[in-house]
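Visitor: I have a structure open on my screen and don't know how to read it. Could you walk me through some features, one at a time?

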Amino acid sequence: MRTEAPVAVQLSDYTAYPFEIEQVDLRFDLHPDATLVRADLKIRRTGAADAALELDGEALELKSIAIDGAPLPESAYELTESGLTLQDVPNAFTLVTEVEIAPSKNTALSGLYMSGGRFCTQCEAIGFRRITFYPDRPDVMSRFTVRMTADKETYPILLSNGTPGETGDVDDGRHFAVWDDPHKKPAYLFALCAGDYDVYRDQFTTMSGKVIDLAIHVDKGDADRAAWAMDSLKRSMKWDEETYGREYDLGVFNIVAVRDFNFGAMENKGLNIFNSAYVLADEASATDADFEAIESIVAHEYFHNWTGNRITCRDWFQLCLKEGLTVFRDQNFSADMRSRPVQRIKDVIRLRARQFAEDAGPLAHSVRPETYGAIDNLYTATVYEKGAEVIGMLRRILGEETYRKGMDLYFDRHDGQAVTIEDFYACFEEVSGDDFTQFRLWYSQAGTPEVSVEESWNPETREVAVTLKQRVPATPGQTNKKPMLIPMEMALIDDEGNMAEWITLFEDEELTLTFDLPEGSERPLVSINRDFTAPIRLKRNLDRETQLAMIRLETDPFNQWDAVQALAKQEILALSEGSQAEPDDALVDAIAAAVTGASDDPAFAALLARLPDVNELFLERQPADPVALDAARKKLQAALYGKLSQFADSVLGESSTQAYDPGAEQAGERALRTALIGLLAASGADEAGDRLLSLYKAATNMTEKLAALRGLAGLDGEARETALADFEAEWTSNPLVMDKWFGVQAGTGDAATIEKLAAHSAFDLRNPNRVRSVAAAFAMQNLAGFHAPDGSGYRVVEDIILKADKVNPALGARLLTAFEQWRSLEPKAKAEAEACLRRLQAADLSKNSADIVSRALG
């Protein structure tokens, strides 16, 4: 039984590494079961004269060690499970170590491992220590040269970071390749891939006229399915030049797609490694959501070339400096490629569903935490999505021009460095003359700020008064919070849709704004936090008439959508608590009118037709009853479908005759169709199963086919079994599509469904995508099933976590975050969730998973 708590790492304990690694020369003799790695490190002392040389290392078998050519006796160093320490070393020397590792046995998918019979690496955050002994921290930057030797027939393509160099044959059917990276980088950006691939090639000409060779390496037979990823890469390169003035800096850019990967992708310098789910797509096998994700993630990893690679983090506490900034960049790229209002709403949906919940639970932490137990557990929605929102607020405060000047200064001043949040903001303070001390509280204070709004109207004086009050709720380790600087885009809107618009910088606990309107004016609507200017929870006490008016009159797309969401949340809560038996007809009419009224923009209409998910409703009323909330949500969906049935018939009856295009226009049309399919599935209509099966069979693309299948998966009857069996038979040889088959069932079923899926012959604990398609889809998307009051959902996921954690600790820890809202549950489910966490705490969990359980239980 594991009883010790993970040792916490503190930001306040940071000290610079006392040595510089001037050059790293790596030699890999690649064999699946026994790879030899020789590392020549040219080292120079930069710190105290008595400082020991401490190198990280895990799961390494040391074969030899020497300084300046002289082998070292065992008494000259200390070797432990976590690294290598040399107490007495010269001020300048070359350390040479040779280790043996077993990539084929590395199921943690960290360091050098095998996927699909090929070698690949994942070194962020601390995977390089599983390759060789090295100071595995982001502030140690060095130039790397790599020489790989491998069997030529089995591994004909040998890739690493940087620029390709000498190649040739050696003895016994083996060959070698040399790669040199001219840019200094930390070890977490090291990458190596070796195998037999199909390659999709193209070129890109930069703004200065350089021709870059681009290549995407995929499984045999999949090259054509990489076309969209390549197109996304080229558009990303062009966008970064036009928007940020950033040109690519090497002659080659490679992407390798692997099936077994813990994350979405990794930005290694010049050699991005991707989960194959975010590279491979065609109209037959991928949904519009897949195409959008590929576009976004390819852009994200490419943008890291400057915000993450050329300028990296001093320490892992600064993770938001590269991730939050780069998410903000990829969100704006996607907005420019598609619809900016629609993209903004989608970004907020993700933020509210995951990050707001994180802020409200025991796993809450600040965007830049002061401490962590396991670094892999810091890759959270708070760091990524909330970190991006903070950059968005910064740009709104400064304006486009000054923001760009600050970014240009940041790139010029810190190129080739490992820096901090303070370094970043110093650039914006210099170009603007502003002091961002208070604004940086967004990085140090956890929790979602709550802003309450009080409005008054004096018809005689025609004066509008708006009072804003803010509070940041207590979070673990932080009870007393200071007022935040919150930019708020606001407007006054009259019945004609005319408005006055401005941005208020709200920096105190309370602020009152007054406005004198012209003679004859009626009371206007007050539009607040337009375009979701700040990541806050807005508290307004508006009467029903005003809320319905906001749906009709709002000129801001986000706020119109949010007005629908706010009313829908109130309705679902009332239905779930029994305070009303049926949905309010006037509300359903208003939502239906908003949907049909937006039909000229089908992507936006689809979002208006979407009702808040159960996980978004957790924050609205506690204790939360997911089962009752889910039932109430379906009741409101059914009522909405009743109002939209004729509209749905007309939309769903018009199959497109155009050739499939993943671009924004067609994707928007399909989004509306799939939204209506979802409402049909929840309608409870007798003919729903047969209608969904007809739509499933008639679908000409995976987006609509999967929507119909998802609807059927939530029903009982022959139509469900027919569609599931048909889908499995057609796609059983395509693992990415089969992940969808697993996912639609996990997202709609109960604990017994998960037991059945986990026993399926195609379920593989070693593959993160497959595990996530079952356990994560159930625990994080199907809250009514996961939080079943009898605890059955917890027990089935607990079993998967215990098994997955033994194979892949990072995966086990990520699944455990599904328990982050357990304290908010109704009493029966809460007791079962706590019992499950106590059992897990008593189990022999990995450090990663033990950290999550410990924090969840407090």
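Guide: Sure! Let's start with the labels: helices and strands are DSSP runs, a helix having at least four residues and a strand at least two, numbered from the N terminus. Keep in mind that this model is predicted. To try the labels out, find Glu510, which sits in strand β29, covering residues 510–516.

Visitor: Which residues gather with Glu510 in a patch of negative charge?

Guide: Glu507, Asp508 and Glu509 join Glu510 there, on the surface. For cover, the cut-offs are simple: under 20% relative accessible area is buried, over 50% is exposed, and partly exposed lies in between. Glu510 has 46% relative accessibility, so it counts as partly exposed.

Visitor: And Glu820, is that buried or partly exposed?

Guide: Buried, because its relative accessibility is just 2%. You'll find Glu820 in the loop that runs between α24 (809–816) and α25 (827–842).

Visitor: What does the side chain of Glu820 make a polar contact with?

Guide: With the side chain of Arg354, at 3.1 Å.

Visitor: On to salt bridges. How many does the count come to?

Guide: The general idea is a side-chain nitrogen of Lys or Arg within 4 Å of a carboxyl oxygen of Asp or Glu. By that rule the count here is 80 salt bridges. Take Glu454 and Lys469 as one of them: their closest N and O atoms are 3.6 Å apart. This pair ties together distant parts of the chain, with Glu454 in strand β25 (residues 450–458) and Lys469 in strand β26 (residues 463–471), 15 residues apart.

Visitor: Are Glu454 and Lys469 buried or partly exposed?

Guide: Glu454 counts as partly exposed, since its relative accessibility is 44%. Lys469 is partly exposed too, with a relative accessible area of 31%.

Visitor: Where does Arg770 sit, and where is Asp739?

Guide: First, the bridge itself: the side chains of Arg770 and Asp739 meet at 2.6 Å, N to O. Arg770 is in helix α21 (residues 768–781), while Asp739 is in helix α19 (residues 735–746), so this pair also links distant parts of the chain, 31 residues apart. Both Arg770 and Asp739 are buried.

Visitor: What about a bridge whose two ends differ in cover?

Guide: Look at Glu721 and Arg720, whose side chains form a salt bridge at 2.7 Å, N to O. Glu721 is partly exposed because its relative accessibility is 41%. Arg720, at 15%, counts as buried.

Visitor: Which residues are linked in a network of salt bridges?

Guide: Glu450, Arg471, Arg537, Lys569 and Glu620 are linked that way.

Visitor: What does the side chain of Asn272 reach?

Guide: It reaches the backbone oxygen of Asn268, at 3.1 Å. Asn272 lies in strand β21, residues 271–275. With 1% relative accessibility, Asn272 counts as buried.

Visitor: Now the backbone. Which residues does a cis peptide bond join?

Guide: Omega is the angle to read here. One cis bond joins Glu124 and Ala125, with omega about 5°. Ala125 is in the loop between β11 (118–122) and β12 (142–151). Another runs from Gln622 to Pro623, where omega is near 5°. Pro623 belongs to the loop between α13 (614–617) and α14 (626–652).

Visitor: And what is phi of Asp68?

Guide: Near 50°, which is a positive value in a residue other than glycine. Asp68 is placed in the loop between β5 (61–67) and β6 (70–71). Phe532 also has a positive phi, near 50°, and is not a glycine. Its loop runs between β30 (525–528) and β31 (537–540). Phe532 counts as buried because its relative accessibility is 1%.

Visitor: Last one: how many residues apart are Ala603 and Val258 in sequence, and how far apart are they in space?

Guide: They are 345 residues apart in sequence and 32 Å apart in space, going C-alpha to C-alpha. Ala603 lies in helix α12, residues 602–608. With a relative accessible area of 18%, Ala603 is buried, so it falls under the 20% cut-off.

Definitions and conventions
Residues are numbered from 1 along each chain as its sequence is written. This is a predicted model: local features need pLDDT of at least 70, side-chain atom pairs count only at pLDDT 80 or more; totals for chains, interfaces and linings use all residues. Side-chain values use heavy atoms; hydrogens and water are left out. Patches are made of residues with over 30% relative accessible area and no salt bridge: like charges are joined within 9 Å, nonpolar side chains (Val, Leu, Ile, Met, Phe, Trp, Tyr) within 5 Å. Accessible areas come from the Shrake-Rupley method with a 1.4 Å probe; for residues, only the protein chains shown count as cover. Lys and Arg count as positive and Asp and Glu as negative; His and the chain ends are not counted. The place of a charge is taken as NZ of Lys, CZ of Arg, CG of Asp or CD of Glu. Buried means under 20% relative accessible area, exposed over 50%, partly exposed in between (1.4 Å probe, protein chains only). A polar contact is a pair of N or O atoms within 3.5 Å; within protein, one must be able to donate a hydrogen and the other to accept it, and residues adjacent in sequence count only if both atoms are side-chain atoms.
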